[in-house]
Amino acid sequence: QVQLVESGGGLVQVGGSLRLSCGASGSIFSNNVMGWYRQAPGKQRELVATITSGGSTNYAGSVKGRFAISRDKAKITVYLQMNTLKPEDTAFYYCNLRQWGGARPDDYWGQGTQVTVSS
């Protein structure tokens, strides 16, 4: 099993910054993808950014140029630096780890952390 624990959410004004952190523990394989997803009230969960164990990144178009994802391999921790925040960034942010123990991937999720951007 894998456990993910997020921290760093909160309330920030428009244009401000926040940094989210997610620490992973448990049975983690060397080949994995960690990422951040978010879900706003009444909307589906959407991808924000992902980073592979090799360091390749992928961003949603709405956050490209404002958010940066990184990871600390030694601590199996992933970070999301969020700059120039907008009201539409308000959502519950979830950390994800995906790894392949067989033919199909296993997804693990953190409990989520609230980000609120006030105008």
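Modeller: Two strands count as paired when DSSP finds at least two bridges between them. Keep that in mind as we walk through this predicted model.

Biologist: What makes E4 and E5 a pair of strands?

Modeller: Strand E4 (residues 32-39) and strand E5 (residues 46-52) are joined by six bridges. The rule asks for at least two, so E4 and E5 pair, and they run antiparallel. One bridge sets Arg38 opposite Glu46 in E5. Six residues lie between the strands of this hairpin, where Gly42 takes a positive phi near 80°.

Biologist: How do you know that E5 pairs with E6?

Modeller: By the number of bridges: E5 and strand E6 (residues 57-59) share three, in the antiparallel sense. With at least two required, E5 and E6 therefore qualify as well. Thr50 has Asn58 as its bridge partner in E6. Four residues separate the strands in this hairpin, and Gly55 there has a positive phi near 100°.

Biologist: Back to Arg38, then. Why is Arg38 called buried?

Modeller: Its relative accessible area is 6%. Buried means under 20%, so Arg38 in strand E4 is buried.

Biologist: And what makes the approach of Arg38 to Glu46 a polar contact?

Modeller: The side chains of Arg38 and Glu46 are joined at 2.7 Å, and the cut-off is 3.5 Å. The side chain of Ser62 also makes a polar contact with that of Arg38, at 3.4 Å, within the 3.5 Å limit too. Leaving aside neighbours within four places in sequence, the residues in contact with Arg38 include Val48, Phe67, Asp89 and Tyr93.

Biologist: How do you know that Cys22 and Cys95 form a disulfide?

Modeller: Their sulfur atoms are 2.1 Å apart. The limit is 2.5 Å, so Cys22 and Cys95 count as a disulfide. The structure holds one disulfide. With -85° about the S-S bond, the link of Cys22 and Cys95 is left-handed. The pair links distant parts of the chain, 73 residues apart: Cys22 sits in strand E3 (residues 18-26) and Cys95 in strand E9 (residues 91-100). Both cysteines are buried. Leu4 is in contact with Cys22 and Cys95, among others.

Biologist: Which residues have the most contacts inside the largest nonpolar core?

Modeller: Leu4, Trp36, Leu80, Met82 and Tyr93, in a core of 30 residues. Among the elements giving two or more residues to this core are E3, E4, E5, E9 and E11.

Biologist: What makes Val115 in E11 buried?

Modeller: A relative accessible area of 0%, which is under 20%, so Val115 is buried. Val115 touches Leu18, Leu20, Met82 and Tyr93, among others.

Biologist: Why is the aromatic pair of Tyr37 and Trp109 called edge-to-face?

Modeller: The centres are 5.1 Å apart, with 70° between the planes. Centres within 6.5 Å make a pair and planes over 60 degrees apart count as edge-to-face, so the name follows. Tyr37 in strand E4 and Trp109 in strand E10 (residues 105-109) lie 72 residues apart. Tyr37 counts as buried at 17%, whereas Trp109 at 37% is partly exposed.

Biologist: And why is the pair of Phe92 and Tyr94 called tilted?

Modeller: Phe92 and Tyr94 are 5.5 Å apart, centre to centre, with 50° between the planes. That angle is neither under 30 nor over 60 degrees, so the pair is tilted. Phe92 is partly exposed at 28%, and Tyr94 is buried at 14%.

Notes
Residues are numbered from 1 along each chain as its sequence is written. Side-chain values use heavy atoms; hydrogens and water are left out. Buried means under 20% relative accessible area, exposed over 50%, partly exposed in between (1.4 Å probe, protein chains only). Contact means heavy atoms within 4.5 Å. A nonpolar core is a set of buried Ala, Val, Leu, Ile, Met, Phe, Trp, Tyr and Cys residues joined through side-chain atoms within 4.5 Å. A polar contact is a pair of N or O atoms within 3.5 Å; within protein, one must be able to donate a hydrogen and the other to accept it, and residues adjacent in sequence count only if both atoms are side-chain atoms. Rings of Phe, Tyr and Trp (its six-membered ring) pair if their centres lie within 6.5 Å; planes under 30 degrees apart count as stacked, over 60 as edge-to-face and the rest as tilted.
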